[in-house]
Amino acid sequence: MSGAEPFPPEPWDLRGRMHVGLWKARPGRLPRWPLPEGVRPLVVGGRCPLLTFCVDYSPEGTLSYRELLVALAVRRGRRTGCTAVAVWVDSERSRAGGRTLWGIPKELGEFALEPGGGAAGTEHFRLRAARTGEVRAAFRPGRPLPGRLPIRTRLFQEVDGQVLAVPAHLTGRPALTRASFRPDPAGALDFLGRGRPVLSFTLEDFRFRVGFRSPRDRLDRRG
């Protein structure tokens, strides 16, 4: 694959390490993100589940970059999945590919990662971007869990007026963590400062495949 290409073809096979947070928020406290046609937030017990991903993608995968992604749990008819609603990366190729292939609203930002150092060290993850200001996140490692955690879902995203159900398959070695976020109160991620994730974990040595295997598969997976 030439470095002159604007972005790699799908699917992307990504590798690395990520911190995942599961949140439950009142609908009225979330931004009014634009969703694809027919897609609605999934509401459980009066709360909207959403996920945050703070990711360090390694050179062993299709692309190497860092990312902060917010995904909202959604439904379209009887089908459930997620929609990526707010995303920042430090790679122009990732930004271009995410937007063109799947309609993921990636923006550019600057990241800093401070490893914890040792089994009990807290890892710090920082984003600076035009719409967010500075966002700081801290992850304190906890108990490792056995085996590899498999996660399969679909991303409902819109490209050129067409709703796609983009397949996403993630596996990795999980460990529980304690996470905290300190966003700029005037930035686009200010809602992350109003609480903590109800569950947070780290995925070590993850394998993440996103995208369609062929143009025919892309047609078959329309939302």
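This is a guided tour of a predicted model, one selection at a time.

**Whole chain**

Start with the full protein in cartoon view. Two helices and twelve strands make up its secondary structure. Read from the N terminus, the order of elements is β-β-β-β-β-α-β-β-β-β-β-β-β-α. The radius of gyration is 17 Å, close to the 17 Å that the globule rule gives for 223 residues, so the protein is as compact as a globular protein of that length. The C-alpha trace spans about 50 × 45 × 40 Å along its principal axes.

Now switch on the surface. About 11,500 Å² is exposed, and carbon and sulfur atoms supply 50% of that area. Of the 223 residues, 46% count as buried. For contacts between residues at least 6 apart in sequence, 64% join residues at least 24 apart.

**The largest nonpolar core**

Hide the surface and select Trp12, Leu14, Met18, Trp102, Phe206 and Phe208. Within the largest nonpolar core, which has 32 residues, these six touch the most other members. At least two core residues come from each of strands E1 (12-25), E3 (48-57), E4 (66-76), E5 (79-89), E10 (149-159), E11 (162-182) and E12 (199-210), and likewise from helix H1 (92-102). Strand E12 gives the most, with five residues.

Which residues does Phe206 touch, not counting residues up to four places away in sequence? Centre the view on Phe206 and show its surroundings. Its contacts include Leu14, Arg15, Gly16, Arg17 and Met18. Val55, Tyr57 and Arg148 are also among them, as are Leu170, Thr171 and Gly172. Another core, of 30 residues, lies apart from this one; Phe111, Phe139, Ala165 and Leu192 are among its members.

**Helix H1**

Select residues 92-102, which form helix H1. Begin at its N-terminal end, where Ser91 acts as the cap: a side-chain oxygen of Ser91 lies 3.3 Å from the backbone nitrogen of Arg93. Then colour the buried residues of H1, which are Ser94, Ala96, Gly97, Gly98, Leu101 and Trp102.

Stop at Ser94, which is found in this helix. Is Ser94 buried or exposed? Its relative accessibility is 0%, so Ser94 counts as buried. Leaving out residues up to four places away in sequence, Ser94 touches Trp12, Leu63, Tyr65, Val89 and Lys106. Follow the chain out of the helix to Gly103, just after H1, which takes a positive phi of about 70 degrees.

**The loop between E3 and E4**

Next, select Ser58, in the loop between E3 and E4. With a relative accessibility of 17%, Ser58 counts as buried. Apart from its neighbours within four places in sequence, Ser58 is in contact with Arg15, Gly16, Leu63 and Ser64. Three of these names have come up already: Arg15 and Gly16 are also touched by Phe206, and Leu63 is also touched by Ser94.

**Salt bridges**

Show the charged side chains. The count comes to 16 salt bridges.

Select Glu123 and Arg17. These two form a salt bridge whose closest N and O atoms are 2.3 Å apart. Glu123 is in strand E8 (residues 123-129) and Arg17 in strand E1, so the pair ties together parts that are 106 residues apart in sequence. Glu123 is buried, with a relative accessible area of 9%, whereas Arg17 counts as partly exposed at 29% relative accessibility. Arg17 is also one of the residues that Phe206 touches.

Move to Glu107 and Arg131, another salt bridge, with the closest N and O atoms 2.7 Å apart. Glu107 sits in strand E6 (residues 106-108) and Arg131 in the loop between E8 and strand E9 (133-144); the pair, 24 residues apart, links distant parts of the chain. Arg131 counts as partly exposed, at 45% relative accessibility.

Then pick Arg207 and Asp205. Their salt bridge has its closest N and O atoms 2.5 Å apart. Both partners are partly exposed: Arg207 has a relative accessible area of 35%, and Asp205 has one of 33%.

For the last selection, take Glu114, Arg126, Arg128, Glu134 and Arg136. Salt bridges with shared partners join these residues into one network.

Technical notes: Residues numbered from 1 in each chain as written. Predicted model: local features only at pLDDT ≥ 70, side-chain atom pairs only at ≥ 80, totals over all residues. Heavy atoms only, no water. Core = buried A, V, L, I, M, F, W, Y, C linked by side-chain atoms within 4.5 Å. Buried < 20%, exposed > 50% of the residue type's maximum accessible area, 1.4 Å probe, protein only. Helix = DSSP H or I, 4+ residues; strand = E, 2+ residues; numbered from the N terminus. Contact = heavy atoms within 4.5 Å. Polar contact = N/O pair within 3.5 Å; in protein donor to acceptor, adjacent residues only side chain to side chain. Rg over C-alpha atoms; globule rule 2.2 N^0.38 Å. Areas by Shrake-Rupley, 256 points an atom, 1.4 Å probe, with all protein chains shown as cover. Salt bridge = Lys/Arg side-chain N within 4 Å of Asp/Glu carboxyl O.
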